[in-house]
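Trainee: Could you take me closely through one part of this model, beginning with a single loop residue and what it touches, and then work outwards to whatever surrounds it? I would like the reasoning spelled out as you go.

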Amino acid sequence: MAYLAFYRMFRPDTLDKVVRQEHIVKILRNQIETGKIGHAYLFCGPRGTGKTSVAKIFARAINCENPQNGSPCGKCATCRALAEGGNLDISEIDAASNNGVDEMRDLREKVQYPPVAGKYKVYIIDEVHMLTASAFNAVLKTLEEPPAHAVFILATTEPQKIPATILSRCMRFDFKLIPQHDLEQLLKSIFAKVGKEYEDEAVAAIARAGAGSARDTLSIADMCVSYSTGKLTYADVNAVLGSADFYKIADVAEMLLGDDAGGALSCAEQVFSGGKSAGVFVKDILSFLNNVAVAKMCKNAKEILNLPEEMFSRIKSISAAYGHKILRATEIFVKAEGDMRYAADARVVLETAILRCTLPQADYNIDSLISRISALENKILTGNFAAAKPAPAAQSVAAATSSAEVQGDMFSSPAKAEPFYARQSAPSAAKKPVLTQSNESDAFSSAPIAAAKPTAASAQRPAAESVAKPTPSAALTGKSVHASLLRALRTTHKNAVLFTLCADLTCVQEGNKFVFNTENETIYGAINRPDNAKILADVLAEAGVNDYEVRLKKRDDGMKRALDALKANFGGTDIDIK
């Protein structure tokens, strides 16, 4: 007998052997036991989840003389007759190659003939979404009111392509992806039957690569068994899957998170020289970064990942060293994977993604800015930075950096569990970091941080008080305060309504007070509503402005000035206004 692939050799022949899909198996089993058989069924779901296998089992079970727990017995005369290749009571039609109206008209004529061996004549139409519109119309009436002996089972991976008139005439069953744990148990039982030794990590790697599909999992396992002459190892599975070396990918990921552009590009070049494509390399990096995120966030990460001890230790050490950068790097490479589909040179896209990860100072999105601010906080916390000359007063603006919001992210490093200013002791508290701001630059651009000796007054005053009541810098102007307000409402606070209202304001400085003027009564009333007023106060406080006022500026009455001029020039004339 010719060799059978694993997915054919171990295809389930009873409902008890179907992996998961309990919600479907229970309904079909109850219908078989009670004899309430429908005339049309629709099996839909991802590939390799058991749609066709369950359809074949169900077709034989409804014709079986003595079904056992909803499955065919395989011993009665009907089961033996259906097992013969020439029996026409169960017909399996491939709609991908028989999708025309002529084939469906032929089916409509043949369905009138009664079955030969069993009680039902079953038509299994696989990939039914491939039928043309004319073919659907040809089978529509027959599908709605077929003969009493006919049962239709439609199987598809894309139910959205089936007309609603067909869907409404079928009992729909949605097959689900199979969990990794169940795929691992299936693989272990099959390896036990074929006498193949294995490592648990190798089985877990095959199940992960199967991505919820039993057929894909068994196909990969078939290749792995043929590849490995002895005990199946994790390295054997990686070799079959074509993945890059784990430790090489770990080196690349660590350099990406550590902002080592040259090292990351050099490691990537070594991977390419080994014959790996850019697409495979990106998938490997994404898989590794995902494992790092799982190791950082999940207490039972070791059980979830199920990797060899040495590999898991490497992932754990990387996850402990980095915070928000893990999420940023993942997002960059997810975008790169999508861009590769339309790029002429996928390698250029990959190397650009590496540069974006390792050069956050050249990237102006919010994730890059958060990473830069986090790095500054770590330097200040550890004292591992060189004092630089302060920026000129004309180009710098004192602004309080709200690091608590940044540290609230779930990927934040454990070292930044509390704001930087709260961690400073009062006697040795350094001056608050100053961020440069100009009309052309972003409000969160980094600037050199100069350490200043505390004065006697500041040394005696509690640190919490100095943080809670920031005072505006002399360099603040009405224009800069207004710009900072709009920028904060657009980025950190993200309040589109208040941003639109404040865009029409004008700001002037009167002594230490900043006055926002508007000539629109509607805008004035909306900004002074309690909820909007509180947000405005919080945003301005973060910029160091506590003394401010929103005023309703009276419009200049041009008509009144014109009338006064006319009365002055023509004193004896009556002027009538209409």
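Mentor: Leaving aside the neighbours within four places in sequence, G48 is in contact with I178, S213, A214 and R215, and these contacts belong to a predicted model. G48 itself lies in the loop between strand 1 and helix 3, and it counts as buried because its relative accessibility is 7%, which is under the 20% cut-off. The C-alpha atoms of G48 and L218 are separated by 9.7 Å, although the two residues are 170 residues apart along the chain. That pairing can be set beside a figure for the whole protein, in which residues 24 or more positions apart account for 72% of the contacts with a separation of 6 or more.

Helix 10 covers residues 214-227, and it is one of the elements against which the buried residues of helix 9 pack, the others being helix 8 (180-194) and helix 11 (234-241). The residues of helix 9 (200-210) that are buried are A202, V203, A204, A205, I206, A207 and G210. After helix 9 comes A211, whose phi is positive, near 55°.

On the other side of the loop that holds G48, strand 1 (40-44) leads to a second piece of packing, since strand 1 is among the elements that the buried residues of helix 6 pack against, together with helix 5 (101-110), strand 4 (150-156) and helix 7 (164-167). The residues doing this on helix 6 are A135, F136, A138, V139, L140, T142 and L143. Helix 6 has 12 residues and reaches 16 Å from its first C-alpha to its last, close to the 16 Å expected at 1.5 Å a residue. In reading a list such as the buried residues of a helix, it helps to keep one general point in mind. An α-helix has 3.6 residues a turn, so residues three or four places apart point the same way.

Helix 6 (residues 133-144) also supplies the largest share, 3 residues, of the lining of the second largest cavity. The full lining of that cavity is I125, V128, L131, F136, V139, L143 and L154, and by class it consists of 7 nonpolar residues, with no polar and no charged ones. The volume of this second largest cavity is about 30 Å³, and the structure holds 2 cavities of 30 Å³ or more.

Helix 3 (51-61), which follows the loop of G48, is also one end of the loop in which N69 is found, the other end being helix 4. N69 has a phi near 55°, a positive value in a residue other than glycine, and it counts as partly exposed because its relative accessibility is 39%. N69 is in turn touched by D16, which also touches R29 and S71 when residues up to four places away in sequence are not counted. D16 sits in the loop between helix 1 (6-9) and helix 2 (22-34), and at 51% relative accessibility it counts as exposed, since the cut-off for that class is over 50%. The C-alpha atoms of D16 and S71 are separated by 7.9 Å, with their positions 55 residues apart along the chain. At the start of helix 4 (residues 77-83) is A77, which counts as partly exposed because its relative accessibility is 43%. The C-alpha atoms of A77 and E65 are 8.0 Å apart in space, while the two residues are 12 apart in sequence.

One further loop residue can be set beside N69, namely N306, where phi is near 50° and again positive in a residue other than glycine. N306 is found in the loop between helix 15 (301-305) and helix 16 (309-321), and at 21% relative accessibility it counts as partly exposed.

Finally, some context for how far to trust the picture. The protein has 28 helices and 10 strands, and of its 578 residues 41% count as buried. The mean pLDDT is 80, and 80% of the residues reach 70 or more. Over residues 387-471, however, pLDDT stays under 50, and for this stretch the model has 117 contacts beyond four places in sequence.

Terms used: Residues numbered from 1 in each chain as written. Predicted model: local features only at pLDDT ≥ 70, side-chain atom pairs only at ≥ 80, totals over all residues. Heavy atoms only, no water. Helix = DSSP H or I, 4+ residues; strand = E, 2+ residues; numbered from the N terminus. Buried < 20%, exposed > 50% of the residue type's maximum accessible area, 1.4 Å probe, protein only. Contact = heavy atoms within 4.5 Å. pLDDT = per-residue confidence, 0-100. 1 Å grid on protein atoms, 1.4 Å probe; cavity = no way out; pocket = protein on both sides within 12 Å on 5 of 7 lines; lining within 4 Å. Points joined across faces, edges and corners; volume = space filled by probe spheres on them. Nonpolar A, V, L, I, M, F, W, Y, C, P; charged D, E, K, R; others polar. Expected span 1.5 Å × (residues − 1).
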